[in-house]
Amino acid sequence: MQFHKVKKDPLELRTIFITHYDSDHILGIVPIVRALSKKEVGTHKVNLFCSKVVKEAVDSLFHLVARRHYAEAKKHLNLVIVGDRDVHKVDGWKLQFFDVKSNNSPQMGCVITFPDGTKLSFLGDEPLREHYTDLVKDCDVLIHNAFCLDTEQKIFEPHPKNHSTMKEAAENAAKINAKKLVVFHTEDKTLDTRKKRYLKEGKGHFSGEIFVPLDLDWFRF
Ligand SMILES: [Zn+2]
């Protein structure tokens, strides 16, 4: 649906990373598999990086919902199982994965280093943790969850879900010396005022550029 809105074809995707198997992270693969199962795909291949448990969840999902589509799509999927601190190269990008050691569903994050040296650190939907800070620090772009404003914790309760507030995301960006902060995984009850209010709270705790996206926004870096 979102691909449709921006007139993009899911087949333009080259590489997909699924962090963990919670429904808000795994179900996006369904329309992509359907697109990859079409005859006109030709020799197109898409890399899919995920942990062993996520691969098992994807297999189980398609065993139930779209078995024939999945069998066909698998011919076009280069499925790579990743473990803690594994490094892979794709089109000149260096990808390093790490286990966030979640106490919820097992979850991976990743660091991408582009050919020009630009470094992007993505922590999944949980807060920064000490044990992988060596990998993610000094990045050009940090992608950190910001589930709600710090001042609205009572309404949205981010911490029982292992999520962060905007203030915490900004503090973490400063702590690891990130140049820019992109937040995601945000509650959708305050969309009209999201950009303005989240930016205001974040700016009090991080002096670099902060990007608070709405769906389909673009961020160039
Ligand atoms: Zn999530």
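S4 and S5 make a hairpin with two residues between them, and Asp-91 in the turn has a positive phi of about 50°. This is a predicted model, where local features need pLDDT of at least 70 and side-chain atom pairs count only at pLDDT 80 or more, while totals for chains, interfaces and linings use all residues. Residues are numbered from 1 along each chain as its sequence is written. Strands (E, at least two residues) and helices (H or I, at least four) are DSSP runs, numbered from the N terminus. Here's the rundown.

**The hairpin and its next neighbour**

- S4 (residues 87–90) and S5 (residues 93–99) run antiparallel and are joined by four bridges; strands count as paired if DSSP finds at least two bridges between them.
- Across that pairing, His-88 sits opposite Leu-95 in S5.
- On to S6 (residues 108–113): six bridges tie S5 to this strand, again antiparallel.
- Two residue pairs pin down the S5–S6 register: Asp-99 stands opposite Met-108 in S6, and Gln-96 has Val-111 in S6 as its bridge partner.

**The seven-stranded sheet**

- The hairpin belongs to an open sheet of seven strands, ordered S4-S5-S6-S7-S8-S9-S10, with mixed pairing.
- S4 and S10 (209–211) are at the edges with a single partner strand each, so one side of each has no neighbour in the sheet.
- Ignoring direction, neighbouring strands here are turned by 20° against each other on average; the axes behind such angles are lines fitted to C-alpha atoms (for helices, over the stretch in contact), and angles run from 0 to 180 degrees between N-to-C directions.
- A general reminder if you're browsing the strands: in a regular strand, side chains alternate between the two faces of the sheet.

**The three-stranded sheet**

- There's also an open sheet of three strands in the order S1-S2-S3, and its pairing is parallel.
- S1 and S3 (77–81) are the edge strands, each pairing on one side only.
- From one strand to the next, the twist averages 20°.
- Three bridges hold S1 and S2 together in the parallel sense, and Phe-17 has Phe-49 in S2 as its bridge partner.

**Two domains and where they touch**

- The chain splits into domain 1 (1–81) and domain 2 (83–213), with bounds taken from an automatic or database domain assignment.
- Their C-alpha centres are 24 Å apart.
- Each domain puts 12 residues into the contact, where two residues are in contact if their C-beta atoms, placed from the backbone, lie within 7 Å.
- On the domain 1 side, S1 (15–17) and S2 (46–50) each supply at least two of the residues that touch domain 2.
- That side of domain 1 breaks down into five nonpolar, five polar and two charged residues. For the classes, Ala, Val, Leu, Ile, Met, Phe, Trp, Tyr, Cys and Pro count as nonpolar, Asp, Glu, Lys and Arg as charged, and the others, Gly among them, as polar.

**Helices H8 and H9**

- H8 (residues 166–175) packs on H9 (residues 194–203) at an angle of about 45°, and their axes are 8 Å apart.
- The two helices are therefore oblique to each other: under 35 degrees counts as roughly parallel, over 145 as roughly antiparallel, 65 to 115 as roughly perpendicular, and the rest as oblique.
- H8 and H9 cross in the right-handed sense, i.e. the near helix is turned clockwise from the far one by less than a right angle (anticlockwise would be left-handed).
- H8 brings Met-166, Lys-167, Ala-169 and Ala-170 to the contact, and H9 brings Tyr-198, Glu-201 and Gly-202.
- By class, this H8–H9 contact has four nonpolar, one polar and two charged residues.
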